Structures are given as C-alpha cells and as structure tokens.
Amino acid sequence: RVRKTVPTVNLIDLPSETLNGTDNTIFKFKVNAAGNEDVNIGLIKLSITKSSSSLTLSNWRLKVNGNLKTFASGEGFSSVAEGVKITFLTPEVVAAGSEGKTFEVIADAQLVDGAYNYVDTRIGEADNYGNPGTTVGTSDFEWTDGYTKYFNSYRVRGLPTEAQHLSTNLH
C-alpha cells in the first residue's frame with residue numbers, strides 16, 4: 001500500500017514501575033512522522049492485562065507532550081473488551097519531520113487488598129490492512145496521512161509494542 005507517510009511508535013520508560021492508588025502512568029510512548037507528511041491520529045486502543053478483574057482502573061487522563069489533554073464531548077476514553085480506547089474527534093496531529101509527540105496515559109487504581117497487583121499495557125497490531133474508512137474503526141491504532149481515509153495499525157513501525165508493567169511490591 002502506498003502512503004504519504006507512516007508513523008513510528010516508540011515506547012518511553014515509565015516514570016515508576018510501582019502501582020499505587022492514584023496517578024499511575026500506565027503507558028508512555030512517542031509517535032513520529034516522516035519528514036514528508038503529517039500523521040493524524042484518530043484512535044489509540046490500549047490492551048490491558050490485570051492481575052485480577054477486581055483491580056479496577058479509573059479517572060483516565062492523557063498528557064500530550066507533558067500537557068493534560070482536554071477532550072471535547074464525544075471523544076476521550078472509553079472501555080473496550082480488553083482495555084481502553086482513546087478517540088480523537090479532531091485528530092491529534094504529529095507534524096512531519098518534527099520531534100514527534102509524547103503520549104502519557106494516567107489512571108487511578110482500586111487495588112485488591114493483600115494481593116499482588118499488576119497492570120500490563122500495550123498497543124497491538126492488526127493482522128492485515130483491512131478496509132480503510134472515512135471514520136476511525138476498531139483497530140489498535142487508527143491514523144491518516146492527510147488522505148480522506150483512516151488506516152489501521154497493520155505495519156505501523158513499532159507495533160505491536162512490548163507491554164509496560166506496573167505492580168505492587170507484594171509477591
């Protein structure tokens with residue numbers, strides 16, 4: 001498939017690997033665009049594995065380049081079968097040839113008392129190109145190169161990512 005650009009996704013070390021009750025950075029990554037065209041991100045889906053279904057994550061926040069993102073009505077975080085997705089009604093633009101954009105996903109955790117608690121978070125990759133659509137679909141990472149259609153996560157450099165792991169100190 002011919003694209004004007006293809007994004008690159010790179011993980012960034014978490015500020016802490018300890019899972020606490022509040023303000024946990026559960027996933028941190030950077031997206032870069034090639035020098036010839038902007039990348040417009042429409043959706044990011046995080047796959048989350050938890051130590052227990054009783055461990056709950058809430059009060060989701062997103063920082064973009066260190067600044068807390070304010071979402072308009074109809075966009076932001078929503079639960080999906082195996083994690084959470086972040087939808088942007090106005091795509092998050094990563095400028096061509098720029099330093100890229102850093103995304104930091106933050107959540108509070110309701111831990112299970114007396115148990116070893118952990119959260120593993122990653123972005124997956126689609127298994128084929130699928131059918132590009134004029135709106136975001138259900139892939140792990142939906143983006144466009146300025147063309148009128150959104151592409152899925154298939155063959156995006158850096159996807160699937162490794163899991164980033166947070167845990168309590170109880171073993």
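Here is a short walk through this structure, starting with a sheet and ending with some backbone oddities. Keep in mind that the model is predicted.

Let's begin with the big picture of the sheet. Five strands make up an open sheet, and going across it you meet them in the order β1-β2-β8-β4-β5, with antiparallel pairing. Its edges are β1 and β5 (residues 67–68), each of which pairs on one side only.

Now zoom in on strand β2, which covers residues 24–32. On one side, β2 pairs with strand β1 (residues 8–11) in the antiparallel sense, over four bridges. You can find some of the matching residues yourself: Val9 has Val31 in β2 as its bridge partner, and Asn10 stands opposite Lys30 in β2. Strand β2 also pairs with strand β8 (residues 101–110), again in the antiparallel sense, and here there are seven bridges. One spot to look for is Thr25, whose bridge partner in β8 is Ile106.

So is β2 mostly buried or exposed? Eight of its nine residues are buried, so the strand is largely enclosed by the rest of the structure. A handy residue to click on is Asn24, which is found in β2. Its relative accessible area is 3%, and the cut-off for buried is under 20%, so Asn24 counts as buried. What is Asn24 in contact with, leaving aside its neighbours within four places in sequence? The list includes Thr18 and Leu19, a run from Val105 through Ile106, Ala107 and Asp108 to Ala109, and also Leu166.

Next, the backbone. Most residues other than glycine have a negative phi, and most peptide bonds are trans. With that in mind, a few places here deserve a look.

Take Asn59, which lies in strand β4 (residues 56–64). Its phi is near 55 degrees, a positive value in a residue that isn't glycine. Asn59 is partly exposed, with a relative accessible area of 46%.

For another positive phi, head to the loop between β10 (141–144) and β11 (164–167). Arg155 lies in this loop, and its phi is about 65 degrees even though it is not a glycine. With a relative accessible area of 54%, Arg155 is exposed.

Stay in that loop, since Pro160 is found there too. Which form does the peptide bond from Leu159 to Pro160 take, cis or trans? That bond is cis, with omega near -5 degrees.

Methods: Residues are numbered from 1 along each chain as its sequence is written. This is a predicted model: local features need pLDDT of at least 70, side-chain atom pairs count only at pLDDT 80 or more; totals for chains, interfaces and linings use all residues. Side-chain values use heavy atoms; hydrogens and water are left out. Buried means under 20% relative accessible area, exposed over 50%, partly exposed in between (1.4 Å probe, protein chains only). Helices (H or I, at least four residues) and strands (E, at least two) are DSSP runs, numbered from the N terminus. Two strands pair if DSSP finds at least two bridges between them. Contact means heavy atoms within 4.5 Å.
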